[in-house]
Amino acid sequence: LSLSKLQLKTGDLDPRLFSRLRHLQKLDLSDNLLDKFPNSLTLPDLRVLNCNNNKLEDVTALKQFPLLEELTYENNVYLTLNDDYKVMFLLQNLRLLNGKDITKLANHVRRVNSRKLTSKVTAHWEKFFRDQLPEKHTAEQVKSIKKKFLKSVQTNVVYGPSSLSEFTRWRVKMIAEEFLAYSLGLELNSDTEPEEKTDENEEESTESPREAAEDVAQVGDFSSYISNVTVTPSKRKRNHSKSSPRNKRSKTQANTEEEAALNPRKSSHEDVSAEPLHFLQCHSKGNSREDFKTQLWSCVFEPVLDSGARKDPIVSSSRTVATCGGESVCLIDCETGTVLKKYKVATEEFFSVAWTTLTVVISENRKKAHNILAAAGRRGIVKLIHVAADFCYGEIKAHKKPIATVCFSPTQETHLFTASYDKRIALWDIGIPDCDYNFKASQLLVLETTSIPLRIALVPTCPEQYLLAGCEDGCFAWNIKLDKGQKSRPFEAIFQFPDEESMTTSHRVDGLAFLNDDVVVSKSSKPGCIYLWSWSRSFDAKGKGCQRTMSAVILAELEWSTTDMSYLTLSTCPAREYVFCGDENGNVWMYNLSSYTTAWGSAKGKRSERRISPTQILKWPELRVNGEQPPEILVNNVVADPAFTYLVVLTSVNITAIWKKS
């Protein structure tokens, strides 16, 4: 959008209008009369901003554009070198400033500079002010010493050249206030200078062609553990306020080099069948310990290579799990909590991961089985990663819109399904890479949907014939048999579910999985609605024609949270006959259905009259990060390994929780 040379003043930038431009990526405001930016323009996807030839006096309001990569503000006579440094600190994604690559300098400003200043601020408190505060102090005494300390520290803490003294004072004040909030439990003033945390819209990914990918075999400083974590067993009342949690959480950097102090204990007074083992923060944007915004979406346990993984689910999983969220995919050892590997694409937001085992030719007469990980997300590209070799050997440009979920066929190791926001589910043959990692991928099938597909599942008794999908407007089935000839196919069936007094097909299905060969578990966006239903009794395979409406034969309904919040998905552990689903309060609802499945298999059409209560609800522990509770915690996904030894919980606040069955 070009708004150049229009004589615009600050008051002409109407936040009500600009806040609607949610997908705007480039904005030209050059050659106008702007003296500052309004604080609430929003523009969550803005990447490029030109403010040349204005009358800008301050740059701190630019922190509202956290994804900004390119910024120019030449010929604003009131801006100085100090403003350049402020911008580099506030905008974590900034690459180009006034046409120059500032990546290395910006990293120095954010890390080295911040670390040095934090050390100096802490030392100043310890030396001159710590003993001035009585052990039992009044609010008035705290207020007085805070005022004195802020004035003294800005005057006496000096670092770097004198030309940057204004920037140094600005950062020192910010660090000092954060230090006081951490040390004395003071609230950060909402009207003070900008906070250090700037990844406001972490979940919005960049989509420029620039891509930086790296495999990290040993993770030393990747914020693997949350700094200073304590877990307290007491239950607590949740704060449901929708105000930003940023003002409530202290953000000192004084201990960013420390390992975590983690005390996992039981989370409630009932008989706990699982205990919290690890809480990891390994998907942070730019490896920042202050990132509690990145959403975590998908996790899958790695198959064991020598177990005949496709035959026996109990021994087909290791304790290694792949997780994805934000710009990275991580491999985690659930027992030790070690982040074994980390794969990053700076311009991506990963939504889904899936494993397959390929038999790869490693020399003329030798073949070897290798686990391959597929990862996909906002850019519509599938990354293929040979995990043992720490190598992303290829990519498939599968869709022009984001990919919501991916899954491999359990019987055809090279067959990969990708479900996209373009309202298509594609089947790909990813091929088998040769010893030089050359491979050929081909599209075998396209399934047309009427809305965005969110979850997909292959029918266990006939995985090469039928695929089930939960979509934004219902639950659908397709015939995927490849000998039919027709490459692009409409859905074969749409399923109806109970709705008040009648049946309806129209509802968002954001959770979908098979509990066994026949029982489907699906979650509707209707508050607290998880149905178990029979595939064989619901789907009429003998009927003719496409797009038929069929009534789901309901076996039972599970009692779950009354929230109407979407995209909190469910999973199953078929070997143990368990269903898992997280809620909007960080809790995990677990249902052991082994006592029901026999009756469902024999009693034709008989439905459990009452809703089935959870066997147990794992309460989110009272987790404190640097002395503060994280903001509202949504459980986006929860997955158990096939033997149900570990339970991996993915949250909306960049925390991966690992529970172990006791």
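Select D31 first and show what surrounds it: leaving aside neighbours within four places in sequence, D31 is in contact (heavy atoms within 4.5 Å) with S4, K5, L6, N52, N53 and N54. The model is predicted, so local features need pLDDT of at least 70 and side-chain atom pairs count only at pLDDT 80 or more, while totals for chains, interfaces and linings use all residues. Residues are numbered from 1 along each chain as its sequence is written, and side-chain values use heavy atoms, with hydrogens and water left out.

**D31 and S30**

D31 is found in the loop between strand 1 and strand 2. Strands here are DSSP runs of E with at least two residues, helices are runs of H or I with at least four residues, and both are numbered from the N terminus. Draw a distance from D31 to L3: the C-alpha atoms are separated by 9.0 Å, and the two residues are 28 residues apart along the chain.

Now add S30. S30 lies in the loop that runs between strand 1 (26-28) and strand 2 (48-50). Is S30 buried or exposed? S30 is buried, because its relative accessible area is 6%; buried means under 20%, exposed over 50%, and partly exposed in between, with a 1.4 Å probe and protein chains only. D31, at 27% relative accessibility, counts as partly exposed.

The side chains of S30 and D31 make a polar contact at 3.4 Å. A polar contact is a pair of N or O atoms within 3.5 Å; within protein, one must be able to donate a hydrogen and the other to accept it, and residues adjacent in sequence count only if both atoms are side-chain atoms. Not counting residues up to four places away in sequence, S30 touches L3, S4, K5, N50, C51, N52 and N54.

**Strand 8 and its partner**

Select residues 274-280, which are strand 8. Of its 7 residues, 5 are buried, and the strand is mostly covered. Next, select residues 656-661: this is strand 39, which pairs with strand 8 in the antiparallel sense over 6 bridges. Two strands pair if DSSP finds at least two bridges between them. To see one of these bridges, pick P276, whose bridge partner in strand 39 is W659.

Follow the chain into the loop between strand 8 and strand 9 (296-303), where N287 is found. N287 has a positive phi of about 60° although it is not a glycine.

**Cysteines**

Show the sulfur atoms of C282 and C330. Why is there no bond from C282 to C330? The closest cysteine sulfur to that of C282 is in C330, 3.9 Å away, which is too far for a bond. A disulfide is a pair of cysteine sulfur atoms within 2.5 Å, and by this rule the count comes to 0 disulfides. C282 is buried, with a relative accessible area of 2%. C407 is also worth selecting: C407 is buried, with a relative accessible area of 15%.

**T357 in strand 13**

Move to residues 350-363, strand 13, and pick T357 within it. T357 is buried at 16% relative accessible area. The side chain of T357 makes a polar contact with the side chain of N371 at 2.8 Å.

**An annotated repeat**

Select residues 396-430, which UniProt lists as "repeat: WD" in an unreviewed entry. UniProt positions are given in the numbering used here, feature names are shortened, and annotations may be inferred rather than shown by experiment. Over residues 396-430 the chain is 0% helix and 57% strand, and the end C-alpha atoms are 8 Å apart.

Then go to Y437, in the loop between strand 19 (424-429) and strand 20 (442-448). Phi of Y437 is near 65°, a positive value in a residue other than glycine. Y437 is partly exposed, with a relative accessible area of 24%.

**A four-stranded sheet**

Which strands form the next open sheet? The order is 27-28-29-31, and the pairing is antiparallel. The edge strands, strand 27 (509-514) and strand 31 (553-558), each pair on one side only. Select strand 29 (residues 529-534) together with strand 31: the two pair in the antiparallel sense over 5 bridges. Among the residues to label is W533, whose bridge partner in strand 31 is I554.

**The whole chain**

Finally, zoom out. The chain has 7 helices and 39 strands. Buried residues make up 55% of its 662 residues. Of the contacts with a separation of 6 or more, 59% are between residues 24 or more positions apart.
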